[in-house]
Amino acid sequence: MEESQGFALTQLRKSIENLGCSTEKHENPTLMRFLVARSMDPEKAARMFVDWQKWRSSFVPQSGFIPDSEVKDELESRKLYLQGPSKSGHPVMIVKASKHYPTKDQVQFKKFVVHMLDKTIASGIKGKEVGNEKLIGILDLQDIGYKNVDTRGLITGFQFLQAYYPERLAKCYLLHMPRFFVAIWRFVCRFLEKATQEKIVIVRNEEEGRKMVEEVGEEALPQEYGGRAILTALQDVVVPSPLS
């Protein structure tokens, strides 16, 4: 570790303690994610960390995870799949937007976002959580209509990633984007931080599709995306342990 990083981590721990929180259960890789997300500014990173701890303790049960039973309405559509690992060792989360319909129950939808992010990250843990595990997301927009468009839900998902899962996203691919969705995506991008936007790739043609397959790896991708894996619904995947 570079001396400057070590100094920043020390300052971050002090700043968090000054805000009345503890870092006792969190190793350097976890804290570094918050520093990177806030441009290595210890005070800003400390506020983000404290906000995350408060949110986690209020939103997620004491068990440390949101069970399938609390999000069964969202799971029933089988719109989300969990594959992996990728070439770089990351779990791959695939969302089929054509199977999604906006819900009026925003509380359950937010729980579903946390459920899928926690489970995806947990599936990438090898033995013990390091704290810097990342995920790859694929949003498949093939065959979507206006009835499937959920601008609010899309913004919520990315905002949760940015606020409560800093530096967990390795890359996100958007596939089969229809022409009418371009304006919607531009609106969504207004709510995305620059660092998030830089990790998003819109796959527009076969060549870019082949590049995605090369980057992610055939072993992780299902056959319909150019790989050799079998598409597996999120609820059918058993992970070793949930995040805490």
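Here are three short exercises, with worked solutions, on the predicted model above.

**Exercise 1. Find out whether leucine 139 is buried or exposed, and which residues it touches.**

Step 1: Locate the residue. Leucine 139 sits in strand β3, which covers residues 135-140.

Step 2: Check its accessibility. The relative accessible area of leucine 139 is 12%. Buried means under 20%, so leucine 139 counts as buried.

Step 3: List its partners, skipping neighbours within four places in sequence. Leucine 139 is in contact with Val95, Ala97, Leu154, Tyr173, Leu174 and Leu175.

Step 4: Compare sequence with space. Valine 95 is 44 residues from leucine 139 along the chain, yet their C-alpha atoms are 4.9 Å apart.

**Exercise 2. Place β3 in its sheet and follow the pairing to β5.**

Step 1: Write down the order. The open sheet has 5 strands, arranged β1-β2-β3-β4-β5, with mixed pairing.

Step 2: Mark the edges. These are β1 (80-83) and β5 (200-203), each pairing on one side only. From one strand to the next, the twist averages 20 degrees.

Step 3: Look at β4, residues 169-175. This strand pairs with β5 in the parallel sense over 4 bridges. Tyrosine 173, one of the contacts of leucine 139, stands opposite valine 201 in β5.

**Exercise 3. Work out how the span of helix α6 compares with the expected value, and which of its residues are buried.**

Step 1: Take the span. Helix α6 (residues 151-164) has 14 residues and reaches 20 Å between its first and last C-alpha, close to the 20 Å expected at 1.5 Å a residue.

Step 2: Pick out the buried positions. Among them are Leu154, Ile155, Phe158 and Leu161. Leu154 also appears among the contacts of leucine 139.

Notes: Residues are numbered from 1 along each chain as its sequence is written. This is a predicted model: local features need pLDDT of at least 70, side-chain atom pairs count only at pLDDT 80 or more; totals for chains, interfaces and linings use all residues. Side-chain values use heavy atoms; hydrogens and water are left out. Helices (H or I, at least four residues) and strands (E, at least two) are DSSP runs, numbered from the N terminus. Buried means under 20% relative accessible area, exposed over 50%, partly exposed in between (1.4 Å probe, protein chains only). Contact means heavy atoms within 4.5 Å. The expected span of a helix is 1.5 Å times one less than its number of residues. Two strands pair if DSSP finds at least two bridges between them. Axes are lines fitted to C-alpha atoms, for helices over the stretch in contact, and angles run from 0 to 180 degrees between N-to-C directions.
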